[in-house]
Amino acid sequence: MKITRDQLMALLFLAPSFLLLIIFVYGFIGWTGWVSLSNWNTLVPDMSFAGLKNYIYLFGDYRFQADLRNTVFFTILFIGFVIILGLGLAILLDQTKKANALFRNIFLFPMALSFVVTGVVWQWLLNPSTGFNQFLQVFGIQPKWYTDTNILAGFQWESIEFGLPVAMIAVVIAAVWQMTGFSLAMYVAGLTGIPEELREAARIDGASELQIYRKVILPMLTPITMSVVIIMAHISLKIFDLIYAMTGSGANFVTDVPGVYMFETTFRGNYYANGAAIAIIMLLLVAVFIVPYLINSRRGAS
Amino acid sequence: MLKKSLAFLFMFILMIALVACGGDEETTDDTDSTDDQTEDTSDDATSEEEEAESSGDGGSVEIFSWWTGAGEEDGLLALIDLFEEKHPDIAVENAAVAGGAGTNAKAVLATRMQGDDPPSTFQVHGGAELNESWVAADKMEPLNDFYEEYDLMDKFPEELIDMVSKDGDIYSVPVNIHRGNVMFYNKAVFEENGIEEPTTLDEFVDVLGQLDEAGVTPLAMGDKEAWTATQIFENVLLATLGPDDYRALWAGEVGFDDDRVREAAEKFQTILGYVNEDHASRNWQDASQLVGEGEAAMTNMGDWAKGYFSNDLDLETNVDFGYFAFPGTTEDFMVITDTFGLPKGVENPDTVKEFLNVLGSVEGQDTFNPLKGSIPARVDADPSKYDEYGTDTMEDFQNSNLAPSLAHGSAASEGYLTKINQEVNIFVTQQDVDQFIEKLQQIAGEL
């Protein structure tokens, strides 16, 4: 096959960014992987090979086990609520064509804030002695929000109690508040993309509005849902700033996540190899979501 | 056709931007090095000669710290002014890194040290944070000659010099002292409930009980970051072990299976029963605020909290709030000291020593400390420059047994400390003494 001039130019222009990516993204991922297999757990680099020692340590570590539990529940709740609320609001907006743009913008606005701002604000709102509780005490309820150390439906697993950490719910509220607008915008775009003729046709065939949504519209929104799940999953698995600004590790590590542990163990404790191992585990967790998606979308494209 | 040329133009702009970005760094580097040696008006500017020039007299000194907060930054700037007055030919670069109570600065420092690009001198807590990391990594120059040249050996307490020494060599110059075993209390609350300052752990527990019955939160704690709880634990350890065995514990000569360590854990557990319920959502300032507002009776904090009480909360010392040594440690002084050393591989060690000399002088320490709200590390400083709390503490400092603080990196290495903080965080919630002791032993065994 002969390379045309256009293709040559394209290659030429791609080369610099390609090179930078290879070095600064993939090169350093490789370096992190290499550090995670070393004995570098002091200030002085010690690159002697340690095998899987750091990984074995982490999976037996109380804090890391708690992190995995928290991540699982945070991811499930966060994605679940973002999809349900986003879809629900989008359908409501779809009913009222008039103020569609206005409401879409209002709901989308929290996304313009950084997670740090969201974290600080919700830290005050959900502070058990100052925030919402001032209002809630009228009804005689005083939830402890992110300072609650209870684990719902807990049972002993390895060294930790496995179950839903109540404190995590407070963090989920803040994260959902911020990201729902995004899934709403995605669904609104999806809904506008569905041609009116389809609904008309369904109506002529005698389908009720509910049936139209269940049998026609929802199935057509599946690719949107897939995208939302992927995007939210990679946010929730890597979450750091929201937790760091809002709650920190929490009492008994009820709101700790791998990102925070990685930062503290690497830059406070100088356990570089342990930190690198956490980073690699996080990368693998995200890859579990991303790789099938990439393969899938490639198939769709070709 | 139009589309194509537009795309081409876009790519072209991208390329230019990329090149410009790359060039940016070089330009800043250039300005930096010219800044460093503004006095030198050398025509030739090959990089080798630049380096050679800045190593001579009249070079520059880069001071690395995490002093960016209100009082501490004022202190540092005043110290730099003093130095520039004395050495107008030496340029000073204030390389302070903000954030995370020094965590960010330490991360930057670690990168620079590992890349063999050390700052001229840097802030480091005396004790393990210096000795077990940088000295152990062979990155610091011994300063024995410097101490002898400027006759400093008897100007600092011997126990303090021990904290900045390893294997007989001295590695840094202490500039200030903070005390970690201080209890701050609300005078009005103590008076209303007829409570005297407790001096022993048993009296302390009694007082906690009385206050609790009276419906006041006895002790304010803000352990959003675990070190505040670790600080209480280290003070209880100091109380049960005494200063000698407390030091021996960190030297590995007394084990964590000692009965007195268990006693400390049990006392710590008892004390935790009297803290504010929302402790996990507060930091130390929020906890001090509870005491200032009279919602809680007392709080344990290092004496930087004194500045918070008088400046931020606008309360008067010994009128609105009082202070006493942590019960059971009245004869002891939990030392937190900021020190500056000389890293290996610095181009102009003599210039850096000039700075260390100013920093270690009476004048330097009396310039820095009143602003920072700490007391001088030297024993011959001028007490009239300090407030009531300062002079009290200076007296205690000279008459007490000095003990290195664990929570601030002096008693044990940072790695050790992070792990202990984790165990303390778990203990505060689970309060399982057996498991806590077992974990502490396990950590001690790893290191």
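Which helix of chain B gives the largest share of the negative patch? It is helix α6 (residues 144–149), which supplies three residues. The model is predicted, so local features need pLDDT of at least 70 and side-chain atom pairs count only at pLDDT 80 or more, while totals for chains, interfaces and linings use all residues. Residues are numbered from 1 along each chain as its sequence is written, and side-chain values use heavy atoms, with hydrogens and water left out.

**View 1. A patch of negative charge on the surface of chain B.** The patch gathers B:Asp145, B:Glu148, B:Glu149 and B:Asp350; patch residues have over 30% relative accessible area and no salt bridge (a side-chain nitrogen of Lys or Arg within 4 Å of a carboxyl oxygen of Asp or Glu), and like charges are joined within 9 Å. B:Asp145, which lies in helix α6 (helices are DSSP runs of H or I with at least four residues), is exposed, with a relative accessible area of 59%, where exposed means over 50% and buried under 20% with a 1.4 Å probe and protein chains only.

**View 2. The surroundings of B:Glu414 in helix α17 of chain B.** B:Glu414 is found in the helix that spans residues 414–430, and this residue is buried, with a relative accessible area of 14%. Leaving aside residues up to four places away in sequence, B:Glu414 touches A:Arg268, A:Gly269 and A:Asn270 of chain A as well as B:Lys106, B:Glu129 and B:Gly409 of chain B, a contact being heavy atoms within 4.5 Å.

**View 3. Chain B as a whole.** Of its 447 residues, 53% count as buried.

Terms used:
Chains lettered and ligands numbered in written order. Patch = residues over 30% accessible without salt bridge, like charges linked within 9 Å, V, L, I, M, F, W, Y side chains within 5 Å. Areas by Shrake-Rupley, 256 points an atom, 1.4 Å probe, with all protein chains shown as cover. Lys, Arg positive; Asp, Glu negative; His and termini not counted. Charge placed at Lys NZ, Arg CZ, Asp CG, Glu CD. Helix = DSSP H or I, 4+ residues; strand = E, 2+ residues; numbered from the N terminus.
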